[in-house]
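Visitor: I am new to this structure, and I would like to know how each term used for it is justified. Could you take me through it with the reasons set out?

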Amino acid sequence: MYKQLQTDKENMGALLQSVQQLALQRFQHIESIPAAAKPQEVQNYPLPEEGLGAATILAKFQEEYQHLMCGSSGPRYWGYVTGGTTPASVLGDWLATTFDQNTQSVKGRGDVSAILEKETIQLLLDFLELPKHFFGGFVTGATMSNFTCLGIARQWIGKNQEYDVARTGLQQPIQIVAGMPHSSVIKGIAMLGMGSTNIHKIPLLEGREAMDIEQLEEFLKQNTSGETMVLSSAGTVNSVDFDDMKAISKLKETYDFWWHIDAAFGGLVACINDKKHLITGWEQADSITVDCHKWFNIPYDSAVFFVHEKHQQRHIETFQNSNAPYLGNPMENFSYLNFLPENSRRFRALPVWFSLMAYGKKGHQEIISRNIQLAQQLTSYIEKSDVFELVAPTRVNVVCFKLAGVSQEKQDAFIQELNSRRKIFITPSVYKGNSCFRAAFVNWQTTDKNIVIAIEELEASYNIIKK
Ligand SMILES: Cc1ncc(COP(=O)(O)O)c(C=O)c1O
């Protein structure tokens, strides 16, 4: 065995303890770690001929890189939609690495990791109050989940037109409609060869980011049955708006189309009593995307797809790993590799299983409802302020606002100043043509005191740029 491998094997106890110390420090000090990153050059190293050993590399990481990493899992990183990591999910994640299972088959190879993945899917369905007729699996993120679902939708439409897209490729353009799709949905359509410019945009309701359902129905009436994908949003990134799920589920009774819902983070309102009406009806969808590394606060990379089990045949046709006879008949020998894009894959369910079991429904509900309340607190401050104004209503957990009555240059200077102070991090965005700032609340550690800090920072940054 190569000498450094041998030494590291012998010193594994001490090495793990050092990493544990480092991880603990990070957890204990996450409040004071700068929320925003400072742009910096990093040193590039050539590949060493002789390895340096894990202890040296750990020290190098600590010296050179650790301090450059922003507190993106901390309580005041409100950019994009960035979840943190619950304590139990970190344990699960470490163990997923340690046990390093290749999560594929449920039987035949004694792979308990696939059994636990299926169990975790059931826990998620319970949490989200979705029926058990959904088959689900883990992928790297919502982008990949959208991709997986849309791949099956493409196959379904091809089969309705009497051809097999998986075998012969697309024979004709597919009818795709959406109101306000997330960029990752558009990317999914592009990656699947369906052409992102083929997405027919359904007009949005006045002042909303939700489709006008009458216009959707008009489209469905005029197009061939069984040949359309309706891509809906359950939580748009800016104003967290929802397409009318009840109305779309009603349309399903009359028209035959594939209904996909991107519920990357918005889907989690299903567990909140006074918000779940936003999503009622979603159980009638053909496929649904939900992220775990956002509002579930699971480490990257983790998301699930749910596809109605009645589409199992189309599902397998899409992802069947058919050229390896030793893997068996996919209808008889269940293996995840016939149901999603990857073959070999990490035990992604474990951190989710740890967190759901450790904190239960109530624990995860508490994170979500607290985040919603915190978004309301910031909103109330902005509503009362003479300096800031809301750009969109705060429906759930994202606050979109801007400086009132100032130039674009001042807006740009403001966000730059705010983020360079590094106490809070928020991202610029554009809502209905207006540039604005977004604060997205999805972190389990964010509490009232972080709103107080944020308000101080907003005011201090404004006082600097107004001069
Ligand atoms: C609604 C929605 N869909 C999809 C995505 C893409 O998620 P991911 O980065 O996990 O692929 C996001 C990311 O913010 C999102 O908000």
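Guide: Gladly, and please keep in mind that this is a predicted model. Taken over C-alpha atoms, the centres of domain 1 and domain 2 are separated by 30 Å.

Visitor: What makes up domain 1 and domain 2 along the protein chain?

Guide: Domain 1 consists of residues 33-44, 57-87 and 361-467, whereas domain 2 covers 101-346. These bounds are called domain bounds because they come from an automatic or database domain assignment.

Visitor: How do you know that domain 1 and domain 2 are in contact?

Guide: Contact requires heavy atoms within 4.5 Å, and by that rule 30 residues of domain 1 are in contact with 28 residues of domain 2. The area buried between domain 1 and domain 2 is about 2,400 Å², with carbon and sulfur atoms giving 59% of it. On the side of domain 1, V81, I368 and R395 lose the most area to domain 2, and together they account for 28% of what that side buries.

Visitor: Why is the pairing of R395 and D241 called a salt bridge?

Guide: The distance from N to O between the side chains of R395 and D241 is 3.5 Å, and the rule asks for a side-chain nitrogen of Lys or Arg within 4 Å of a carboxyl oxygen of Asp or Glu, so the pair qualifies. The count of salt bridges between domain 1 and domain 2 is two. Across the same interface of domain 1 and domain 2, 15 residue pairs are found in polar contact.

Visitor: Which elements give two or more residues to the side of domain 1 that touches domain 2?

Guide: They are α12 (349-384), β9 (398-403) and β10 (427-431), and α12 gives the most, with eight residues. Sorted by class, that side of domain 1 has 14 nonpolar, 12 polar and four charged residues.

Visitor: What makes T143 a polar partner of the ligand?

Guide: A polar side-chain atom of T143 lies 2.5 Å from an oxygen atom of the ligand, and a polar contact needs N or O atoms within 3.5 Å, so this pair meets the cut-off. The side chain of D291 has an N or O atom 2.7 Å from an oxygen atom of the ligand, and for the side chain of H293 the corresponding value is 2.7 Å, so both of these pairs also lie within 3.5 Å. Of the 14 residues around the ligand, those that come nearest are T143, D262, D291, H293 and K294.

Visitor: Why is the link between E342 and R348 called a polar contact?

Guide: The side chains of E342 and R348 make this contact at 3.3 Å, which is within the 3.5 Å that the rule allows, and therefore the name applies. E342 itself is found in the loop between α11 (312-319) and α12. Leaving aside its neighbours within four places in sequence, E342 is in contact with F138, T140, L337 and R348.

Visitor: Which backbone value is given for E129, and where is E129 found?

Guide: Phi of E129 is near 55°, a positive value in a residue other than glycine, and E129 is found in the loop between α5 (112-127) and β1 (134-139).

Key
Residues numbered from 1 in each chain as written. Predicted model: local features only at pLDDT ≥ 70, side-chain atom pairs only at ≥ 80, totals over all residues. Heavy atoms only, no water. Buried area = accessible area lost by both parts, 1.4 Å probe. Polar contact = N/O pair within 3.5 Å; in protein donor to acceptor, adjacent residues only side chain to side chain. Helix = DSSP H or I, 4+ residues; strand = E, 2+ residues; numbered from the N terminus. Nonpolar A, V, L, I, M, F, W, Y, C, P; charged D, E, K, R; others polar. Near = heavy atom within 4 Å.
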